[in-house]
Amino acid sequence: MELALATLGNQPLIAAVEVGKHLTWQLGPLSVHGQTMITTWVVMLLLIGLTFIGTRKLQRVPSGLQNFLEYAYDLLASIARNQIGEKQYRSWVPLIGTIFLFVLFANWLGQLPLRLFHIPEGELASPTNDINTTVALSLIALVSYIYAGLRKSGFGYFKHYFESPILAAVWVLEFFTRPLSLSIRLFGNILAEELVVAVLILLVPILVPVPLMILFLLTGAIQALVFSTLTASYVGEAVEDHDDHH
Amino acid sequence: MLFDPGWAAHLLLLAAEEAAAVEAESGGLFDFGGTLVLQIVNFLLLMTILSAVFYGPISRVIEERSEYIRSNAGSAQRRFDEAKALADQYEQELRITRLEAQQVIAAAEAEAQKIRAQQLAEAQREAQERIAQAQADLDRQKQAALASLSGEVEAISRTLSEKLLSDSGRRF
């Protein structure tokens, strides 16, 4: 899909917005979107590098980067704790935290002028701009909370599917809508952001897109928070003690 | 010209056409494939590595610190309690000592009062004695003086009478 300003009068093509064009790599049987892979690896390297450097000399009295990382850890742990509960949130911090950090960095990476780096086809953008990424994340979330439910109450976790036929339909529907909404929400938001910025740059290249890009830093963070909080709340729902409520 | 609605419609139409064209080839917005699999692998890899270099160490250091603070606070509380107990004990002893001091003072005062009364009585008795003795001396001396005086009166009267008698005898 290519939106071109060439349609304005009969001017020559001055700029273009490209979506859905991929730099395709053939890895054995898999055909892979190269631009998504590259930006994903950049995000991974950033995260791993930052945390690796920050946790070299851990001290009882923290300073500098350690302070920051502890603050970040606290934030991630509080997302997990609020949704899953004091008793069992600890083992879920890595999953919830990694979802948050990955989505946040991926969203923010897309706000950099990646267009300056030319690749043979397509263009570099947020990895979350590729539906494969968001679906991958939501599948991981799905598997995680089903695993949590199974570990907590065995196949009793699926008990509520059989309680009443009408509700069963709702449950089955929910089973599909949860990952669907998780992935489409993130994908749609980030894609829309990139499109809006691209179109604005196309129309007014300077200054006008800046407030929007700042806004998108905020919405990128909110998307990360929403994704991780929802995952945590699904996990929390799967592991909560049902005896407390009946 | 930019806000000509026809332009927007044109653009949308174009977008739809292009999308259809691209979907027909490979690619497009909803091109699921190897990327999905690799992203799952990427994510799990990232989660594992971050667990090793981030969540693990950071949660450990936070845990250790809160443990350290807890134990420090515990020992501080213990020491505070000890100090408080010591202060209480000191206060108690001070109270007892003050009480004892008051008792000692009261006893000393009573003793002094007794001694004073005793000495006063002694002095009064002594004075009384002295007065009595002086009175007795005075009386004795008075008696002696009276006695000697009466002797002298006799002698003088005798002398006087002799003199008178002799004088009268001569005249006559």
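Leu191(A) sits in helix α5 of chain A (a helix is a DSSP run of H or I of at least four residues, a strand a run of E of at least two, both numbered from the N terminus). The model is predicted: local features need pLDDT of at least 70, side-chain atom pairs count only at pLDDT 80 or more, and totals for chains, interfaces and linings use all residues. Residues are numbered from 1 along each chain as written, chains are lettered from A and ligands numbered from 1 in written order, and side-chain values use heavy atoms, without hydrogens or water.

## Helix α5 of chain A

Leu191(A) has a relative accessible area of 10%, so this residue counts as buried (under 20%; exposed is over 50%, partly exposed in between, with a 1.4 Å probe and protein chains only). Leu186(A) belongs to helix α5 as well, and the helix covers residues 165–203. With a relative accessible area of 1%, Leu186(A) is buried. Its contacts (heavy atoms within 4.5 Å), leaving aside neighbours within four places in sequence, are Val103(A), Asn107(A), Thr128(A), Thr134(A), Leu137(A), Gln223(A) and Phe227(A). Ala198(A) is also placed in helix α5. Ala198(A) is buried at 12% relative accessible area.

Each of these residues has a C-alpha partner elsewhere in the sequence of chain A. The table lists these pairs, together with one for Gly64(A).

| C-alpha pair | Separation in sequence | Distance |
|---|---|---|
| Leu191(A) and Thr128(A) | 63 residues | 8.0 Å |
| Leu186(A) and Ser138(A) | 48 residues | 9.9 Å |
| Ala198(A) and Pro209(A) | eleven residues | 8.7 Å |
| Gly64(A) and Gly54(A) | ten residues | 8.4 Å |

Gly64(A) lies in helix α2 of chain A, which spans residues 64–84. Is Gly64(A) buried or exposed? At a relative accessible area of 56%, Gly64(A) is exposed.

## Chain A as a whole

Chain A has six helices and four strands. Along the sequence their order is β-β-β-β-α-α-α-α-α-α. Of the 246 residues of chain A, 46% are buried. Contacts between residues at least 6 apart in sequence include 66% that join residues at least 24 apart. The chain exposes about 12500 Å² (Shrake-Rupley method, 1.4 Å probe; for residues, only the protein chains shown count as cover). Carbon and sulfur atoms supply 69% of this area.

The UniProt record lists residues 34–54, 92–112, 130–150, 155–175 and 196–216 of chain A under "transmembrane region". Its positions follow the numbering used here, feature names are shortened, and annotations may be inferred rather than shown by experiment. Residues 34–54 are 100% helix and 0% strand, with end C-alpha atoms 30 Å apart. Residues 92–112 are 81% helix and 0% strand. The end C-alpha atoms of that span lie 31 Å apart.

## Where chain A meets chain B

His33(A) lies in strand β4, residues 30–33 of chain A. Its relative accessibility is 2%, so His33(A) counts as buried. Which residues does His33(A) contact, leaving aside neighbours within four places in sequence? In chain A they are His22(A), Leu23(A), Asp130(A) and Asn132(A), and in chain B they are Asp31(B) and Thr35(B).

Chain B has two helices and zero strands. Buried residues make up 15% of its 172 residues. Its accessible surface is about 13400 Å², and 62% of that belongs to carbon and sulfur atoms.

## A cavity lined by both chains

The model has two cavities of 30 Å³ or more. A cavity here is a set of points, on a 1 Å grid over the protein atoms alone, where a 1.4 Å probe fits but cannot get out; lining residues have an atom within 4 Å of a point. The second largest cavity has a volume of about 50 Å³ (the space filled by probe spheres set on the points, which are joined across faces, edges and corners).

What lines the second largest cavity? From chain A come Thr40(A), Phe102(A), Thr133(A), Ala136(A) and Leu137(A). Chain B adds Gln39(B), Asn42(B) and Phe43(B). Helix α4 (131–153) of chain A and helix α2 (34–171) of chain B each supply at least two residues of this lining. The lining holds four nonpolar, four polar and no charged residues (nonpolar: Ala, Val, Leu, Ile, Met, Phe, Trp, Tyr, Cys and Pro; charged: Asp, Glu, Lys and Arg; polar: the others, Gly among them). Leu137(A), one of the lining residues, is also among the contacts of Leu186(A).

Methods
1 Å grid on protein atoms, 1.4 Å probe; cavity = no way out; pocket = protein on both sides within 12 Å on 5 of 7 lines; lining within 4 Å.
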